[in-house]
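Please consider the structure shown below with its sequence at hand. The paragraphs that follow examine one strand, its neighbours in the sheet, and a pair of packed helices.

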Amino acid sequence: MDLVSYEDALASYDPVMGLEVHVELGTNTKMFCGCATTFGAEPNSQVCPTCLGLPGSLPVVNATAVESAVRIGLALNCEIAEWCRFARKNYFYPDMPKNFQTSQYDEPIAFNGYLDVEVDGETFRVEIERAHMEEDTGKSTHVGGATGRIHGADHSLLDYNRAGIPLIEIVTKPIEGAGERAPEVAKAYVAELRELIRALGVSEARMELGQMRCDANVSLRPIGREKYGTRSETKNVNSLRSVERAVRFEIQRHATVLKEGGTIVQETRHFHEDDGTTTAGRVKEEAEDYRYFPEPDLVPVAPSRDWVEELRGTLPELPRVRRRRVQADWGLSDHEMQSVLNAGAIDLILETIDAGAPADAARKWWMGELSRRANEDGVELSALAITPTEVARVSALVVEGSLNDKLARQVIEGVLGGEGDPDTVVEKRGLRIVSDEGALGTAVDEAIAANPGVADKIRDGKVAAAGALVGAVMKATRGQADAARVKDLILEKLGAQG
Amino acid sequence: MSDLTRLTAAETAEAVASGKTSAVEVAEAHLARIDAVDEKVHAFLHVDREGALTAARAVDDKRAKGETLGPLAGVPLALKDVFTTRGIPTTVGSKILEGWIPPYDATLTRRLKEAGVVILGKTNMDEFAMGSSTENSAYGPTGNPWDLTRIPGGSGGGSSAALASYQAPLAIGTDTGGSIRQPAAVTGTVGVKPTYGAVSRYGLVAFSSSLDQGGPCARTVLDAALLHEVIAGHDALDSTSIDAPVPAVVEAAKLGNVKGMRIGVVKEFSGEGYQPGVEQRFREAVELLRELGAEVVEISCPSFTYALPAYYLIAPSEASSNLARFDAMRYGLRVGDDATHSAEEVTALTRAAGFGPEVKRRIMLGTYALSSGYYDAYYGQAQKVRTLITQDFARAFDQVDVLVSPTTPTTAFPIGERADDPMAMYLADLCTIPSNLAGNAAMSLPCGLAPEDGLPVGLQIIAPTMADDRLYRVGSAVEAAFTARWGHPLLEEAPSL
């Protein structure tokens, strides 16, 4: 079917969104037992009777996870429940050890908040319905069959290491009034939430590792109508770009169905990264009834007001506030600032500055050479094998004149290649600038002798021609000379003024 | 020494500690008794001969080295097959867990082992503790030692029968709606449901989490108290475990004095449905309490009338969720895994084959009661009744120190009599259920034989939450007075097997 264009869809319909984001907390142990949470461990090596749901086992709430939940709630401007309970969400699935998920239902730990996000310099307030605590399920790998899903698979492998990892689910209220910017608002919201989670230090929130996952609900209603249309829920959209694309696609798909006189089916959908489309999940014959009821194996969680206020005092500067401050401090345009944010470089740059580098140098390295390298390797900046302290050291070597830019890039290459810290790489590769005046003088003399024509032009006052001789000297010294000093020497020897 | 199986737990522990006998001799005597009579009684699902003798040897070694022994060191015990035992099968009376060997010990199991208690094996029970007769066990019924054609109570019929047939001086039960007290009543033994949260549920295979409570079973009140002190106490692995000192139950059992106590007779637990002989023996027990110096008053707890229906909504609701984990994916029975069935079908086939009819009935009841649209009318309403019952107890305990009632409306009924009539079966727990809903402590102990059938009648004593010591204080006084009147413990009137 031909999709209605995005512009046409928006001309007739007003999109409404609801975003549900799951964040895996970075606690050392699981939500209800003492098992480790190390990512990538041997399958089923981080399990115990409780997270395997063995008969007789019981849960005990992880206090750190509750603390993280309260801090997230506070950072999202939520009210914190004085008393709340866990609830069981009952449904059968092979990777659910107990065939119920211990979650929260009508008594979430945090509720009624908001998060302000910026799209094209304008602030958009996303209202938060609730943030609640729950546990993750195990992980199924379906082997054989075309789709990688359970239906049609020959067999399935179950890894319960993830079962019981603490999750916080953050649910927005219906997001209305975003209009044509709905996909950008969705992306900006998830991006802002990710920054916030990272700033709180409660999770690395790396979407590519599934530490943060977004379900996007989209519905359309004819412009001017109040009643919401039927929604679709696109599950597990796992990058910022995908959030934007999935919402955009669903808006167009809904508009297409509606335009052709069809009706939208309330269903879950899967997003495909390759072509940016969604397809319907399995249609359920009957409505899911989770039979929620209060978890009788746990006692209520009752965060004291004193403790909540104490936690409020631990909140970091909010990312949005910090961005404004940083942008002003660094004197960046909105566009430049956006590049920094898109690259996920703001923390790295700040840490590099904290380690002693000038702000512009720190930004230049991370946004230039290092971004290029990260792009080449297809990884995030933070995944590069170089620390802000090391970048600051390279910068210091440039400032003190021991390295020029070209040499500095070689040092960085060495550090990324695992050759050691910047000083070790400088030492091993012999990358210090040649500052020995005698050696430089000889190289300059040789360059002048080899290029008499150029030398004459310079003697006649064509100072710009000196570039060719500088290049020759740099080549002869394998780049290890201070180009500015070389130029001075050439002009001096040829009696010209720079 | 003479027959070691006839000693009380306190006497056995003393004999081991003083060297009059050894723990190994005691264990061997009980294992021999099991060999001799359990074919007829069927109290045990699994006898752990090796484990029992190893544990007994460890106690003897400890004594030989001059180390101090705990108050129950070397005393044999029959453990209800609902608590996990590392390396020893745990079936919960169900086919669905046949062959499962738990990789971990329940907290209660660990405490028993640490105390030097010798676990003889695992006892029969109604499947998943759902029943009042042990007829719902997937492994066949247990006989009542007073009359092997009759039920030994349930769900903990294996434990009560083991005590009454001298196969063990101590046993463990769990009480969700009366599964410790009702078996004790119909076998002439002592059973205590401690305050909810007093004994850790970690490793207790759940039936109904908010009601289940492990507790001691014995032939004397003092023995029950000694066991109570070993198994009770805070456990960080059970969030509902009470973090407070265990009431001084042994001291109370030794005191055994009701002089000056105010005792309330629950008005609602009499009349229609109560066997005349049960009511007669109960009235005599009340009279005895008066003679012993207690002040007896009648107390009305009107909400107790609704306890049974509320229980049969709450317990099945929780069970429907607790039993969802038996899906053939990780342990236990697995049916249909032949490459032609999907995972969902394997789960369905396994549950169809592995659960018995009563368990299925309760899963369906609970699933229905929790369904959207019915939740408020059923589960929600039942929780409100629960609150009212708790308030009735609170009002009653403002006026009296303990309440008393018959433990069960009738004596042991014949095996098969109520098997096809769930409602009749459910009535066996009429008097015991309110304490599960409110979470307070209660005990059953013998108060004589019903004249019409010569079978034991149980007296129930009910105490407020965390006042478990009052049960022992009153129970011990009643036991001493009755024993003096009868000239011997009631159980000696049971036929020898």
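**A covered strand and a helix pair in chain B**

In this predicted model, strand E4 of chain B, spanning residues 170-174, is mostly covered, with 5 of its 5 residues buried. In a regular strand, side chains alternate between the two faces of the sheet. Accordingly, one may ask which residues of E4(B) point one way and which the other. Leu170(B), Ile172(B) and Thr174(B) point one way, Ala171(B) and Gly173(B) point the other way, and all are buried.

Strand E4(B) is joined to two strands of the chain. With strand E2 (residues 76-80) of chain B, E4(B) runs parallel, and 3 bridges link the two. Here Ala171(B) of E4(B) stands opposite Ala78(B). With strand E6 (residues 214-218) of chain B, E4(B) runs antiparallel, and the two are joined by 5 bridges. In that pairing, Gly173(B) has Gly215(B) of E6(B) as its bridge partner.

The helices offer a second view of the chain. Helix H2 (residues 23-41) and helix H3 (residues 49-64), both of chain B, pack at an angle of about 155°, and their axes are 7 Å apart. Because angles over 145 degrees count as roughly antiparallel, H2(B) is roughly antiparallel to H3(B). The contact of H2(B) with H3(B) comprises 9 nonpolar, no polar and 3 charged residues. On the H2(B) side, the participants include Val24(B), Ala27(B) and Leu31(B); on the H3(B) side, they include Arg49(B), Leu53(B), Arg57(B) and Asp60(B).

As to confidence, chain B has a mean pLDDT of 97, and 100% of its residues reach 70 or more. The model scores ipTM 0.96 and pTM 0.88.

Conventions. Residues numbered from 1 in each chain as written. Chains lettered and ligands numbered in written order. Predicted model: local features only at pLDDT ≥ 70, side-chain atom pairs only at ≥ 80, totals over all residues. pLDDT = per-residue confidence, 0-100. Buried ≥ 20, exposed ≤ 12 C-beta atoms within 10 Å, placed from the backbone. Helix = DSSP H or I, 4+ residues; strand = E, 2+ residues; numbered from the N terminus. Pairing = 2+ DSSP bridges. Axes fitted to C-alpha atoms, helices over the stretch in contact; angles between N-to-C directions. Parallel < 35°, antiparallel > 145°, perpendicular 65-115°, else oblique. Contact = placed C-beta atoms within 7 Å. Nonpolar A, V, L, I, M, F, W, Y, C, P; charged D, E, K, R; others polar.
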